[in-house]
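Reader: Hey, got a minute to walk me through this one? I'd like to start with the annotated part and then poke around.

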Amino acid sequence: MLTLILLIVAVVGLLAVMRREAGALPALAVLAVTGLISLLLASTLLGVLLLAGALAVAVAGLPALRGKWLTPRLFALFKKVSPKVSDTERTALEAGSVAWDGELFTGRPNWQALLDYADEGLTEEERAFIDNQCSVAAGMCNAWEIAKERADLPQALWDHLKQERYFGMIIPKAYGGLGFSAKAQSLVLQKLSVNETLMVTVGVPNSLGPGELLLKYGTEAQKDHYLPRLADGREIPCFGLTGPRAGSDATSLPDTGVVCRQVIDGKEVLGVRLNFEKRWITLAPIATVVGLAFRLFDPEKLLGDEEDRGITLALIPRDTAGMEIGRRHHPIGSPFLNGPIKGKDVFVPLDTIIGGTEMIGQGWRMLVECLSIGRCITLPSGATGTARYAIGWSGGFARIRRQFNVPVAEMEGIQEPLARMSALGYIAQAAVYQTANTIDRGEKPAVPSAILKSQLTEFQRQILGDAMDIHGGKAVTLGPRNYLGIGYSANPVAITVEGANIMTRNLMIFGQGAIRCHPYVLEELAAKDADDIRAFDKAFFGHAGLIFGNAARAFTQGLGIGKPAVPFDAEAQRYAQEIARLSAGFGLCADAAMASLGSTLKQREMLSARLGDVLSNLYLASMVLKQWHEGDKVEGEAALLHYACQWLLGRAEQALDELFDNLPNRALARVLRLAVMPRGKRFKRPHDDLARTIAQAVSRDTALRRKLLAEAWQAEDGVQENPLAQYNALLATQERAETLYRTVNKAYAKGELPAEALHPEQRVEEAARAGIISDEDATFMREREARVLELLTVDDFEYDAFVTDKSKVLRHQAA
């Protein structure tokens with residue numbers, strides 16, 4: 001019995017030391033004391049084993065001992081097996097900053113560090129702009145007119161965008177811009193997401209483009225000349241990066257610039273001769289100034305001794321001789337202005353290089369740093385705004401659309417996608433707002449930008465698909481009345497641009513995060529490059545302590561032991577503790593994958609993607625908890641919190657489960673599964689009761705619906721009609737209408753109304769005539785049914801309306 005007690009004491013003691021990452025001395029003490037007691041009073045075998053363990057801990061854990069023989073051998077081995085980090089990868093790794101994403105890699109996330117990113121809200125100017133100017137812009141949009149009749153925004157809308165300086169949201173007021181915060185920029189784009197062409201047109205110049213590059217790297221002369229002109233729309237910018245052979249692998253640019261001299265107006269000018277071909281460049285057809293990425297060479301060594309000067313960025317006026325610009329691509333589903341740019345022997349002086357000659361060769365770093373913020377804002381905000389509108393439209397439609405004498409919102413087949421849409425929208429709102437808030441607090445989130453871009457645009461794909469299913473024939477029949485179909489067809493654009501989701505998920509999230517966010521890996525690589533054995537010793541054995549700590553934390557918390565204290569209320573507390581548990585499991589699995597697969601992990605993209613999925617879902621769930629913690633809660637919101645967190649954490653567990661199924665080292669996989677999920681998976685699909693509660697709330701005039709739609713355009717004050725406002729108006733009187741529907745339908749079922757009264761309008765008239773409802777109620781229902789029918793109606797056209805070449809029309813007999 002004493003032997004068993006001593007064994008349990010040793011295991012519990014070691015787990016406690018490991019959980020706290022207390023170091024070698026406490027572990028040595030636990031093993032030595034229990035070993036000596038066992039040797040003297042209990043089992044000689046157990047005593048020997050424990051003392052041998054103590055010796056191993058002393059040799060590996062005490063710096064004075066390990067430094068003599070163990071560390072040098074480990075350092076030599078590490079140099080051989082560690083992956084080589086290219087200059088391109090190093091630039092990407094060093095770009096941006098690490099914040100909460102780094103905490104999730106530790107396995108012991110400090111929640112207070114997240115909550116310390118206080119939200120100071122919007123300024124009065126920002127709030128007024130979103131409420132007023134953005135409503136005006138949204139009210140000028142009709143998807144059919146923009147996509148099919150104009151293939152462009154209306155001129156009045158272009159004038160409004162320029163006059164109100166939408167293109168200068170990120171440009172400081174000193175240069176004539178709006179100087180908005182990241183949160184305000186995000187909310188502007190969410191409101192403008194009523195139309196995807198409008199959102200892209202405003203979003204791209206405020207994301208990756210000349211404005212941000214000039215702000216960060218431009219010379220004073222470049223800033224003074226261009227920034228005021230970009231802010232007020234005198235200059236329309238575009239940025240040429242991708243081309244026929246350089247898309248996701250943007251560092252393999254085949255576009256070149258050669259340093260040379262050329263005589264201009266009788267004077268010899270030092271400059272660059274450019275040859276390039278770019279595709280898929282947003283705003284290129286109308287751009288007045290082109291940002292261009294190219295590989296610069298100096299064969300005559302006019303600038304120095306180096307011939308290959310690296311990726312460089314320049315700003316080129318549209319009318320520069322030799323540049324071909326103005327043609328358009330036809331993006332799927334949306335006519336946003338996008339096209340190719342070509343140039344042959346285009347000569348530009350050196351002062352067109354962004355940042356001047358000092359920034360030659362720094363183009364890749366410049367782009368990566370700008371992308372890390374832009375990817376957090378533009379497309380994630382567009383996806384979040386799209387979710388707001390889709391939820392509002394779908395909830396309203398599901399309530400007014402009646403089948404089998406009931407609103408389809410009462411049918412569980414509709415409630416399931418409606419609840420899912422609402423939960424994904426809720427997650428997106430929290431993630432994009434809280435991440436923008438960290439930007440406003442000085443962070444440059446590189447890894448979260450990849451998470452938000454890929455995850456939220458995938459949410460958008462799911463949400464739009466669900467919305468199409470709920471709307472049915474209303475959404476698949478295009479025309480001026482269809483507010484959903486064109487946006488649905490344009491969704492692949494968001495999936496593809498600014499880093500295709502396949503690449504982002506498989507290569508970037510974990511591939512970048514594993515080194516950039518890990519507490520020790522970057523230090524280990526830096527020590528290797530510097531040949532600094534002391535720095536390596538500190539980083540490597542700190543890393544070892546982290547591995548043991550995560551193993552202990554994941555295992556004990558998986559058993560329900562030692563749940564961490566978290567600063568959240570009773571509704572959110574469990575989820576924060578589960579995030580901490582899965583964070584420890586994720587950290588352990590990440591280290592195990594890197595150690596067992598080494599440099600080949602780069603090629604094992606499906607494994608890397610699953611690790612990225614774990615990180616992504618933990619990050620998104622954390623943002624939901626922070627939003628819940630800080631926000632004003634409304635009735636019914638707890639159901640959304642539970643649905644969202646259970647769904648996200650279930651996905652994280654599923655990703656870990658699939659990782660264990662596919663790790664090549666099967667013994668390691670079994671050990672990891674036991675350590676990380678000793679009781680199996682904790683989270684299942686959210687319960688049907690949650691789905692019913694959420695669907696009922698978002699399809700009625702409730703506080704929860706109003707909160708989800710808060711930043712959407714909901715007023716009936718635009719040039720174009722606003723279907724969301726029309727749905728809201730109908731939902732505001734829904735209870736009265738439902739009472740009357742029941743009264744009239746009950747009378748019809750009893751035979752109190754004529755059998756031929758099949759339409760709702762007919763039944764209302766007959767019920768009023770029979771005195772079953774009052775004249776006032778009949779008037780209310782007549783007006784309501786007219787509005788309902790208008791929202792349910794779809795468009796039709798002349799037989800040959802869609803034929804662009806009328807000579808090819810087939811005149812069938814029926815036609």
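Reader: How far apart are the end C-alpha atoms of residues 123-233, and what's the helix and strand share of that span?

Author: Keep in mind that this is a predicted model. The C-alpha atoms at the two ends of residues 123-233 are 24 Å apart. The span is 63% helix and 0% strand.

Reader: And what does UniProt list for residues 123-233?

Author: An unreviewed UniProt entry gives that stretch as "domain: Acyl-CoA dehydrogenase/oxidase N-terminal".

Reader: OK, helices then. At what angle do α8 and α12 pack?

Author: About 10°, with the axes of α8 (residues 124-131) and α12 (residues 182-192) 10 Å apart. Angles under 35 degrees count as roughly parallel, so α8 and α12 are roughly parallel to each other.

Reader: Which residues make the contact?

Author: From α8, Glu126, Phe129, Ile130 and Asp131. On the α12 side they are Ala184, Leu187, Val188 and Lys191. By class, that contact has 5 nonpolar, 3 charged and no polar residues.

Reader: Switching topic: how many cavities of 30 Å³ or more are there?

Author: The count is 1, and the largest cavity has a volume of about 50 Å³.

Reader: What lines the largest cavity?

Author: Its lining is Ala99, Trp100, Asp101, Leu114, Thr438, Pro445, Pro448, Tyr619 and Met623. Helices α6 (100-106) and α25 (605-630) are the elements that give two or more residues to this lining.

Reader: How does that lining split by class?

Author: The lining of the largest cavity has 7 nonpolar residues, plus 1 polar and 1 charged.

Note on methods:
Residues numbered from 1 in each chain as written. Predicted model: local features only at pLDDT ≥ 70, side-chain atom pairs only at ≥ 80, totals over all residues. Heavy atoms only, no water. 1 Å grid on protein atoms, 1.4 Å probe; cavity = no way out; pocket = protein on both sides within 12 Å on 5 of 7 lines; lining within 4 Å. Points joined across faces, edges and corners; volume = space filled by probe spheres on them. Helix = DSSP H or I, 4+ residues; strand = E, 2+ residues; numbered from the N terminus. Nonpolar A, V, L, I, M, F, W, Y, C, P; charged D, E, K, R; others polar. Axes fitted to C-alpha atoms, helices over the stretch in contact; angles between N-to-C directions. Parallel < 35°, antiparallel > 145°, perpendicular 65-115°, else oblique. Contact = heavy atoms within 4.5 Å. UniProt positions renumbered as here; feature names shortened; annotations may be inferred.
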